[in-house]
Amino acid sequence: MKIDLTTATDSDLKVEFMKEGELKQYSSYKIVKKSGFNAEQDSITFLHESALLLCGIENDESDNIRSVVSNAIKAIKDTNYKSASFPVTKKNISAIVEGIILGGYEFNNYKSKPKKSKLKNISLVCEDIMALQSAFEEAIIVAEATAYTRDIVNMTPEDLNPPSFADLAKKLAKENGLECTILGEKKLAKEKMNSMLAVGRASRHDSKLIHLCYKPANAKKIISLVGKGLTYDSGGLSLKPATSMVTMKMDKAGACAVLGMIKAVSELKLDVEVNVFIGAVENMIGGDAYKPDDVLTSRSGKTIEVRNTDAEGRLVLADVLDYAQDKVEADYLFDFATLTGACMVALGQYTTGVMGHSNRLKHSLYKSANNSGELLAPLPFNKHLKKQLKSNIADISNISSKPYGGAITAGLFLDNFIKEENKERWIHFDIAGSAYTETPWDCNVYGGTGAGVRVISDFIKNINA
Ligand code: BES
Ligand code: ZN
Ligand code: ZN
């Protein structure tokens, strides 16, 4: 599907936005009324004789536009129209591009006979191309990077395992001119990353640490992005119940998101150095599996009592965060992880949990969330929850002693591996709910959502401002 920015079009179908109050003045009001269309937010109706598609919006806000465009594009793809046009303005162009690319996203790699849509051309019609061109190009890059993240989240655990993840990262590095370093298990052992290594020990795949770097000549700031890359989380010996195990291919979504972010930033050619660190590991069972009762010595030297092998993401991140801080002195250190079911219980499925010590940094992230249409919400640390991670035999336990506040105690666990000088630079994003969906919402369809990519692309765009 090709998307163009233009001032005039002769497309087969014209899309129009309409608010409830505007309906009565509409020329074909009587016909429209018969269709049952009342311009309610997210409702759409075709007027095939006039080659029109009406889209109901509550107001002009980007969130509403993105949401209804997502419905519109899906409906158009099911018709025989070959081209369609949308009216765009500077204010809504990224929402419309996101609606089209992400709302219309399909993942058909595993279908033997994928349904082919007739829709080939989309025109975005504006008054002044020059005024919108850069916003248009940026929106396409960010939406495509989000779709890229979805594509890899949606890959099966058989196809995307730690070694093939490393190959995929190498490919992205080659295409986008990034530096790429991969550490296999021998090198991880030399680095004393025993916490990460323990998680992957029962897997038939070699664990991999992936480091990518986008280094523009005149970078003013440096950001490190760390991703949880559990290509499969069976729970390990603390095995997940059968129904919870389904969808656990998405436990690599944090890693897929940071790849999408570096793809976007390198294509936007932003003046910010971006380092991506991924711990790609598979959490399996077997005679060689790590066990509840084990004590692991992490790269930082801190010892960890394993009380549940399903709390594995934090064990991988503990070592990768420590490595990332030694390798790069960054201004910002963010990690992305499908870390806890508790985050979903706390915030619902749509919102990413944000944890960290710097309120200033969190506030600038909320601004980016507003700009991008992603949902972020704070989960505050406190000293009482911190105590719940105490271990009787090691420095720290990998699970909380109490059943409440699980998203925050996971964040506090990670905090133990953040060096003093980086405390104010670090933010942990729990994307357990937001990274994957089995029911469509906003511009998200079944599968990976690409959570994180849009909000962080916006944040990095504004870093130097
Ligand atoms: N990958 C899961 C978290 C998860 C659950 C992500 C559901 C997405 C959807 C993580 O490794 C995990 O299993 N966490 C445990 C932690 C517990 C053992 C303290 C959980 O959330 O139950
Ligand atoms: Zn787990
Ligand atoms: Zn996990």
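Two exercises with worked solutions follow.

The model is predicted: local features need pLDDT of at least 70, side-chain atom pairs count only at pLDDT 80 or more, and totals for chains, interfaces and linings use all residues. Residues are numbered from 1 along each chain as its sequence is written, chains are lettered from A and ligands numbered from 1 in the order in which they are written, and side-chain values use heavy atoms, without hydrogens and water.

**Exercise 1.** Compare the radius of gyration of the chain with the globule rule.

Step 1. Take the radius over C-alpha atoms; the rule is 2.2 Å times the number of residues to the power 0.38.
Step 2. For 465 residues, a compact globule would have a radius near 23 Å.
Step 3. The chain has 23 Å, so the two agree.

**Exercise 2.** Classify the ring pair of Tyr332 and Phe459, and place both residues.

Step 1. Apply the cut-offs: rings of Phe, Tyr and Trp (its six-membered ring) pair if their centres lie within 6.5 Å; planes under 30 degrees apart are stacked, over 60 edge-to-face, the rest tilted.
Step 2. The structure holds twelve aromatic pairs. In this one, the centres are 5.3 Å apart and the planes stand at 90°, so the pair is edge-to-face.
Step 3. Tyr332 lies in strand β13 (residues 332-337) and Phe459 in helix α15 (residues 453-461), 127 residues apart. Helices (H or I, at least four residues) and strands (E, at least two) are DSSP runs, numbered from the N terminus.
Step 4. Buried means under 20% relative accessible area, exposed over 50%, partly exposed in between (1.4 Å probe, protein chains only). Tyr332 has 17%, so Tyr332 is buried. Phe459 has 5%, so Phe459 is buried.
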